[in-house]
Amino acid sequence: MLKPLSTDTRELVSLDGLWRFALDSEEVPEPWNGPLAGDREVPVPASYNDLFIDEAVRDHIGWAWYQRDVRVPRGWEGQRVLIRVGAATHNGVVYVDGTKVAEHTGGYTPFDADITDVVEPGARFRLTIGVDNELTKRTLPPGHRVTGADGVDRLTYHHDFFNYAGLARSVTLHSMPREHIADVTVTTGFEGTTGRVAYRIDAIGDAEVRVSLRDADGEVVATGMGAEGLLEVPDVTLWQPGAAYLYELETELVRGDELVDAYPLAVGVRTVEVRGQQFLINGEPFYFTGFGKHEDTPVRGKGHDPAYLVHDFELMRWIGANSFRTSHYPYDEEVLDYADRQGFVVIDETAAVGLNLGVSGGMTARNPPLTFSEEGLGVAMLETHKQHLRELIARDKNHPSVVMWCVANEPASQEVGADEYFAPLIELTRELDPTRPTTVTSWLMSNAENDRVAGLVDVIGINRYFGWYIDNGNLGSAEVRLEQDIRAWLERHDKPVMMTEYGADTLAGLRSLHGSSWSEEYQVDYFDMHHRVFDRFPGFVGEHVWNFADFRTTAGVARVDGNKKGIFTRDRRPKSAAFALRRRWLGLGGRKPGTEEA
Ligand code: BDP
C-alpha cells in the first residue's frame, strides 16, 4: 500500500490539527449527520485518553467521534480523491456528510476512503471519523469487557500496555490520477559489485510503465520499461546497518509524451539471510543490539510524534543500539522511513500480542480455556491474524530497514493447538514475502522442550525474565536457569536464537547499596548477568532489552505508575543501566561477542 505523496501527478492536504470530538455516550445516534455535540476538541495525531481530566474519556469503551470540515482543492477536477487514515484504533469508520465511505478493522495499519464520487472539487464537506477501541475475541490484540461488582464495564486484555485509542496517526486528503500506479514492490540483491533491483508495478489503466533508478546524487544508474523487470546497478553502494544508502526508484506511467502518474520510492539494496545459526545482512553475520519499544509518550499516548521519533533514534544511536522491534504492533510509517534513512534495523511486528489466555493484564488468569481452541480464540482469530499480516506486509515490504517479520508476541506456544494455529500463518508470511525471515517471540512458560512453534519459524526470539518474574532478587539462581534455557534452544534447533526481551522494573533514582530489586543498581547487575551468559554462546544472534523507555500500562498490582523496565524514563532520562549498556554496545559495534572483528 503506497503512502500518499506529493509528486508531479499527485497532491495532498494534511488534515492534522484540532478536530471536534465526542464520545458515543454523549452523542445522538447518528453523529455524522450534523455537528458533534459539546465543545470538545482533540488533536490529530494523538490518543484521546490522557488529554482531559476526565475518567469518562480516559476509560471510555466503544466509539468516539472525530469531526472537521474539509475543502477539496479546486484544481482536483478529474482526479481520484481519497482520505488516508494512518490508523484508527481499533475499528474505524469514515463518513463524508451523511455517507459512509470506508470501514476498517485493525488499529495500527492505514486505510483509504475513496471519496471521488461524493465530493466536488472546490466544495466543502463534513468529515466524520468514528473510532472504536473495544477489544474482543476477534480483534488483535484480543480482550473483553468485564462488568465489575459496581456494575461498571471495564476492558481487560492479555497484554500490559494501556489500550490507547483514537486517531494516533495523520489523516490526509490526497489525490491521484484515475489511471495510476496502485502498488510497487521491490526486492534487492547483489553479486560482487553489481546490485540488483527487481521491481513490479501494479497499475490501473493501460499506460506504459517506465522506471529509472537514481543514486543519492540524483544520477540515473539504471532504467527499465514494463510492469516488471530487473535493474542492474554497477558499483552498487549497499544499504548497511549503521550506514544507510538509498537509491530512488522513479516509477512513471506514460502515454506518448504525457506523464500519466509518477511515484518515487526509496530503495536500499541489501540482502537478509538465515544460514544455520547465523543471521546475515549482506552476507555478514549481524548481532542485534537494541530494544523492544513502544509508541508511548506523555499526554499524546500512542500519537505519532516526530520530535520523539528523532530524539529516540538519537538516544538509540548514543547507546550503541543498531536495531529495534516494533513491539507490539506496526508503528507509524514515518518511523520506518526514518529507520531506512538512518540505518537502523527493524523487526516488524503485527498487533498479535496477548494470544495467551493464561495471562491476564500481566498476571496468571484462573482456569482459562486453551487459547487456540474454539472455546478460546478459535478460527475467527486466525482469519483476523491473516488480515493483519497481509496489511503489515503490504505496507512495509519495501523498507530496507525491515529485516524480519514478527508474526506474534508471546502466544501460548506450549499449548495444544499452537502449531496448527501458526503453521498457516508462517506459510502465508513466506508466500507474501519470500525474502525475509520470520519469528514468533516465546514467553517464559514455553521452553525448548514444550514449545510447539519454534520449529516453524526461521529465527527463535526468546523473551526471558529470569531474575525478574522468576528468581527476583536472586541473580545467581537466575544465571543458572538462563544458561540452561538458552543452551536447550540452541541444542534443539539449528536456528539463530536471540533475546527479544529481557528486563527488570527500575524506579529511576532508587539507589541501593545491596542491589535490591527495583533499584538502578539491580538493573545494571541484571544486565551484566545476562550479557555474561549470552557471551558464552557463539550461536546467539542478539539482545533486545525490554524496554527502551518506561511506558503506561493498565492499572494493576504488578505495575507502579506503568511498566518501569525502561532504560530511559518515560520522559527519556537515562537510568544507570543506560551507561552500562552504552559501554557494552559501542564496544560490540554490531558484531557477535567473541568474534575476531568485535
Ligand atoms: C512480556 C511482554 C511485554 C511486557 C513484559 C513485562 O511481551 O509486553 O511488558 O513482559 O512484563 O511478557 O514487562
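In this predicted model, helix α6 (residues 475-492) packs against helix α7 (residues 520-534) at an angle of about 35°, and their axes are 10 Å apart. The crossing of α6 past α7 is right-handed. On the α6 side, the contact is formed by Leu475, Ala478, Glu479, Leu482, Glu483 and Ile486, which meet Tyr522, Asp525, Tyr526, Met529, His530, Arg532, Val533 and Phe534 of α7. Sorted by class, the residues of this contact comprise 9 nonpolar, 1 polar and 4 charged.

A second helix pair is formed by α2 (residues 306-319) and α3 (residues 333-342), whose axes come within 11 Å and cross at roughly 40°. Here, too, the handedness can be stated: α2 passes α3 in a right-handed crossing. Helix α2 contributes Pro306, Leu309, Val310, Phe313 and Arg317 to the contact, while α3 contributes Glu334, Val335, Tyr338, Ala339 and Gln342. The class count for the contact of α2 with α3 is 7 nonpolar, 1 polar and 2 charged residues.

The ligand site is described next. The ligand has 13 residues around it, of which His328, Glu410, Tyr469, Asn563 and Lys565 come nearest. By class, this shell holds 4 nonpolar, 4 polar and 5 charged residues. Three side chains place a polar atom at a listed distance from an oxygen atom of the ligand, as the table shows.

| Residue | Distance from its polar side-chain atom to a ligand oxygen atom |
|---|---|
| Asp160 | 2.8 Å |
| Tyr469 | 2.4 Å |
| Asn563 | 2.8 Å |

Tyr469 and Asn563 thus appear both in the table and among the residues that come nearest to the ligand. Taken alone, the ligand exposes 320 Å², and the protein buries 88% of that area.

Several loops between strands carry backbone features of note. The peptide bond from Val44 to Pro45 is cis, with omega near 0°; Pro45 belongs to the loop between β3 (41-44) and β4 (46-47). A cis peptide bond also runs from Leu140 to Pro141, where omega is near -5°. Pro141 is located in the loop that lies between β10 (124-132) and β11 (143-147). Asp97, a residue other than glycine, has a positive phi near 50°. The position of Asp97 is in the loop between β7 (91-96) and β8 (99-105).

Notes:
Residues numbered from 1 in each chain as written. Predicted model: local features only at pLDDT ≥ 70, side-chain atom pairs only at ≥ 80, totals over all residues. Heavy atoms only, no water. Near = heavy atom within 4 Å. Polar contact = N/O pair within 3.5 Å; in protein donor to acceptor, adjacent residues only side chain to side chain. Areas by Shrake-Rupley, 256 points an atom, 1.4 Å probe, with all protein chains shown as cover. Nonpolar A, V, L, I, M, F, W, Y, C, P; charged D, E, K, R; others polar. Axes fitted to C-alpha atoms, helices over the stretch in contact; angles between N-to-C directions. Helix = DSSP H or I, 4+ residues; strand = E, 2+ residues; numbered from the N terminus. Left-handed = near helix turned anticlockwise from the far one by under 90°. Contact = heavy atoms within 4.5 Å.
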